[in-house]
Amino acid sequence: MYRPRRLRLNEQIRELVRETQLRVKDFIYPLFVVEGASIKREIPSMPDQYHYSVDMLSEEIKKIEALNIGAVLLFGIPEKKDTRGSESYAQDGIVQRAVREIKRVCPKILVVTDVCMCAYTEHGHCGILDEYGQVDNDKTLLYLSEIAVSHANAGADMVAPSDMMDGRVHAIRQALDEDGFINTAIMAYSVKYASCFYGPFRNAAKSAPSMGDRKGYQMDGANINEALKEARLDENEGADILMVKPALPYLDVVRKVKDNTLLPVATYNVSGEYSMLKHAVNAGILPKEAIMETVLSMKRAGADLIITYFAKEVVKALNGN
């Protein structure tokens with residue numbers, strides 16, 4: 001009688017038939033840029049992650065390029081904040097200067113910029129507030145478009161709006177095209193849940209809201225049909241890549257979005273997920289192999305691109321280091 005059995009394969013054959021493959025080009029590495037000079041300062045809530053001043057970026061970018069990581073995602077932390085987040089779209093803003101420096105040092109690195117206002121406004125919300133203290137969606141679109149154009153003008157290859165305002169992909173695409181940046185791509189934070197896993201990032205970026213919360217424009221973690229609707233809207237408005245954020249609690253959403261679009265899908269392995277696992281590995285509670293297993297789950301769920309603070313560690317592992 002024939003009995004099916006599990007194949008006991010050697011390592012070379014296991015590699016040959018492995019269904020899900022991580023590749024170096026799958027990863028985008030986030031960077032935090034701050035005002036000042038000669039700053040490389042570890043972020044307390046995120047071990048092995050740093051604030052860099054613009055003049056300290058070149059050494060880090062060269063290391064990233066040497067690992068063959070092809071893209072970085074920039075977040076800026078300004079010195080001054082106001083109600084309009086004016087530093088976010090200033091031509092000499094922190095992100096704009098960082099983009100120019102990266103392109104000067106390593107022109108081939110793909111530079112993606114976060115387009116939002118939370119780190120630049122006094123109130124910490126992702127848009128302009130009305131007289132009642134609520135985010136004015138349509139007024140905010142004008143500012144987001146100006147931010148995106150200023151990033152493209154500085155040399156950004158791709159902009160990534162993370163604000164979750166309705167209609168922002170269309171507004172940004174139109175503004176970019178009108179200013180001649182027809183080849184500047186948009187990676188939309190299409191499915192962004194109101195999550196507690198953003199805590200370490202908000203400490204790092206000093207972007208926590210000073211009043212209320214963001215549940216009015218970020219998504220309820222219980223909703224998956226809404227996720228598909230949001231992704232479809234961004235696709236129809238001209239997004240080039242759709243993103244699901246966070247990653248680990250929403251791998252089912254990554255799979256659903258991937259199954260319902262022909263666009264590339266990214267997922268963001270956010271700060272809370274990173275810090276949780278990093279602390280566990282550093283404390284000896286988990287082996288470092290847990291990092292690779294975790295990142296692999298995102299690719300298996302359907303992510304074409306993975307934004308992760310583990311990018312350098314994962315790529316070193318892929319390269320046998």
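Where does Ser-38 lie? Ser-38 sits in the loop between strand S1 (27–34) and strand S2 (40–43), and it gets its own view below. Everything shown here comes from a predicted model.

**View 1. Ser-38, a residue with positive phi in the S1–S2 loop.** Ser-38 isn't a glycine, yet its phi is positive, at about 60 degrees. At 57% relative accessibility, Ser-38 counts as exposed.

**View 2. Met-164, a buried residue with positive phi.** Here's another non-glycine with a positive phi: for Met-164 the value is about 70 degrees. Look for Met-164 in the loop between S6 and helix H5 (168–178). Is Met-164 buried or exposed? With a relative accessibility of 6%, Met-164 counts as buried.

**View 3. Helices H3 and H4 packed at about 25 degrees.** H3 covers residues 94–105 and H4 covers residues 137–154, and their axes are 8 Å apart. The angle of about 25 degrees makes H3 roughly parallel to H4. As for handedness, H3 and H4 have a right-handed crossing. On the H3 side, the contact is made by Val-95, Gln-96, Val-99 and Arg-100, while H4 brings in Ser-150, His-151 and Ala-154. Sorted by type, the residues of this H3–H4 contact come out as three nonpolar, three polar and one charged.

**View 4. Thr-121, tucked into the loop between S5 and H4.** The loop in question runs between strand S5 (110–115) and H4. At just 1% relative accessibility, Thr-121 counts as buried. Which residues does Thr-121 touch, leaving out those up to four places away in sequence? They are Lys-81, Asp-82, Thr-83, Arg-84, Gly-85 and Gly-127.

**View 5. Strand S7, paired with S6 and with S8.** S7 takes in residues 185–192, and eight of the eight are buried, so this strand is largely enclosed by the rest of the structure. Strand S6 (residues 158–161) runs parallel to S7, and two bridges join them. To find one of the paired positions, start from Met-158: its bridge partner in S7 is Ala-185. S7 also pairs with S8 in the parallel sense, this time over four bridges. There, Lys-192 has Lys-245 of S8 as its bridge partner.

**View 6. Strand S8, with buried residues pointing both ways.** Why is S8 described as largely enclosed by the rest of the structure? Because five of the five residues of S8 are buried. Ile-241, Met-243 and Lys-245 point one way from the strand, Leu-242 and Val-244 point the other way, and all are buried. S8 pairs with strand S9 (residues 265–269) too, in the parallel sense and over three bridges. Within that pairing, Val-244 stands opposite Thr-267 of S9.

**View 7. A cis peptide bond and the surroundings of Phe-197.** Going from Lys-245 to Pro-246, the peptide bond is cis, with omega near -5 degrees. Pro-246 is found in the loop between strand S8 (241–245) and H8. Among the residues in contact with Pro-246 is Phe-197, which belongs to the loop between S7 and helix H6 (199–205). Phe-197 counts as partly exposed, at 23% relative accessibility. Setting aside neighbours within four places in sequence, Phe-197 also contacts Pro-249, Val-270, Ser-271, Gly-272, Glu-273 and Met-276. Take Ser-271: 74 residues separate it from Phe-197 in sequence, while the C-alpha to C-alpha distance between the two is 6.6 Å.

**View 8. Helices H8 and H10 crossing at roughly 30 degrees.** The axes of H8 (residues 251–259) and H10 (residues 289–301) come within 8 Å of each other. With that crossing angle of roughly 30 degrees, H8 is roughly parallel to H10. Leu-251, Val-254 and Arg-255 of H8 meet Ser-297, Met-298, Arg-300 and Ala-301 of H10. The residues of this H8–H10 contact split into four nonpolar, one polar and two charged.

**View 9. Lys-299, a buried lysine in H10.** Helix H10 is also where you'll find Lys-299. What's the relative accessibility of Lys-299? The value is 16%, so Lys-299 counts as buried, the cut-off being under 20%. Not counting residues up to four places away in sequence, Lys-299 touches Thr-20, Gln-21, Leu-22, Arg-23, Asp-26 and Ile-306.

Definitions and conventions
Residues numbered from 1 in each chain as written. Predicted model: local features only at pLDDT ≥ 70, side-chain atom pairs only at ≥ 80, totals over all residues. Heavy atoms only, no water. Axes fitted to C-alpha atoms, helices over the stretch in contact; angles between N-to-C directions. Parallel < 35°, antiparallel > 145°, perpendicular 65-115°, else oblique. Left-handed = near helix turned anticlockwise from the far one by under 90°. Contact = heavy atoms within 4.5 Å. Nonpolar A, V, L, I, M, F, W, Y, C, P; charged D, E, K, R; others polar. Buried < 20%, exposed > 50% of the residue type's maximum accessible area, 1.4 Å probe, protein only. Pairing = 2+ DSSP bridges.
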